[in-house]
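Me: I am new to this structure and would like to understand its salt bridges. Could you take me through them?

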Amino acid sequence: MGWNSPPVPWRDLESVLSDRARGGRPVEERPEGADGGDSPAWSNKRSEYEAPAMVRRRSSTRYAELHCHSSFSFLDGASHPEALAEEAARLDLEALAITDHDGFYGVVRFAEAAREVGLPTAFGAELTIDKLDITPGQADPDGTHLLVLARDPAGYAALARVISEAQLGGEKGAPRCSMGQIDQWLKPGESDHWAVLTGCRKGAVPRALEREGPAAGERALNGLIDRFGRHNVFVELWDHGSPIDSVRNDALVDLAVRGGVEVVATNNVHYATPADRKLASALAAVRSRRSLDELEGWLPAAASAHLRSGDEQARRFGRYPGVVERAAELGLACAFDLSLVAPNLPPFPCPTDPATGEVMSEMGYLRHLVERAGVARYGPRDSEWVPGAWTQLDHELDLIENLGFPGYFLVVWDIVDFCQRNDILCQGRGSAANSAVCYVLGITKADAVSLGLLFERFLAPERDGPPDIDLDIESDRREEAIQYVYERH
């Protein structure tokens, strides 16, 4: 019992721990929604997302929100990614970018929901730069922010690498990142796959502008231009109804004109709807370890950081023609499906062909292995032991080549071969048993041809992504195989 826990009679505690309700009645064996993975504790498993019925508003102004925090910006964003996707679709936004603090934590849930509601997705992050004070409980945490959007999967990969390096260099909740380190972590030309926004009041440009004036703001903007390229930097305007917002936006537009960079409107979103403001305020109080009364001076005066439609943004930014529409253009230009960022396998190290003296291609090496092993399994081509075996092998190899999966089969074969050479029990299972190629390579033990198994159940042009080959490796020596894969690939 904790200090603040309510008194719980021991009979109630005992009945829960012994799976009995009060009065001797049995407790429900499996509560609704529980996954059963850690019974009797019964944890809930997130169910597959289903889009709710919604009445969509039609906006006459095209707009995409480029700066949006979900609940995965811990104690800062108040709405789940699904709620943000639903509200963006309801408001008829062209696209929505999730830009959580220092991570891609919510992108999978966001992408799944957005796909169901028909919303184009962009992905980014708000990086924390030069954070020195990591003391918890600050009303206004330290650090400068850099808002980065990935223009494409290559930009996503580069941003993911920067985030990983920063997280590894710091500690939990406090990544270590500087502009100089970003320069080191980025490969040449990778910044062209980014769209860098000047960000919120903690961005380098707005912060310099407010603290030191236009000259300092211009220096900060030129620093971003020099580092990332003029065509990759965008001045960001936002308006939450603060008295300083209009003055600051006027100055930012002036800086953008002098710097020759484009201007976009955002709403620096931290929750989906105005009704979520109370939750956002409560989260801010928890983060700062203060009561709502104590934190009142730091909180916005009204519900302003929610998703807005294009028409609403057009009214707020009427004095800056085109900035709302330009946000829509940039959002669509950066939009892509998250499935496109699935990493490719590394190239398989193939040997030299003795006949030509040249290194074999992956497909050439796979055909070579199957040809050699096929003779041992099914006999020579001109006198095969199992009718139709070589026809089936050729058919499977052609399909593997057309779908671009020879490297995948080589990696799996290599793991199995390592296990066999080191007397580690290893067995392929599942739908891979339908493949004659898997059989002759020793990945599986079922003769797919003799058993008349359907290969297309395992691999077919209509299937999305590589086939599923499951390997069971004896538990006592599984780590040896894992270390082999790590070292070789």
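Me: Why is the contact between E87 and R90 called a salt bridge?
Reply: A salt bridge is a side-chain nitrogen of Lys or Arg within 4 Å of a carboxyl oxygen of Asp or Glu. The closest N and O atoms of E87 and R90 are 2.8 Å apart, so the pair fits that rule. This is a predicted model, where local features need pLDDT of at least 70, side-chain atom pairs count only at pLDDT 80 or more, and totals for chains, interfaces and linings use all residues. Residues are numbered from 1 along each chain as its sequence is written, and side-chain values use heavy atoms, with hydrogens and water left out.

Me: What makes E87 buried?
Reply: Buried means under 20% relative accessible area, exposed over 50%, and partly exposed in between (1.4 Å probe, protein chains only). E87 has 10% relative accessibility, so E87 counts as buried. R90, at 27%, is partly exposed.

Me: How do you know that R308 and E312 form a salt bridge?
Reply: Their side chains meet at 2.6 Å, N to O, so they too satisfy the rule. R308 is buried at 4% relative accessibility, whereas E312 is partly exposed at 21%.

Me: Why does the salt bridge of R287 and D76 tie together parts far along the sequence, 211 residues apart?
Reply: The two side chains meet at 3.7 Å, N to O. R287 lies in helix α9 (residues 277–288) and D76 in the loop between α1 (10–17) and α2 (81–90), so the pair links parts 211 residues apart in sequence. Helices here are DSSP runs (H or I, at least four residues), numbered from the N terminus.

How values were computed
Helices (H or I, at least four residues) and strands (E, at least two) are DSSP runs, numbered from the N terminus.
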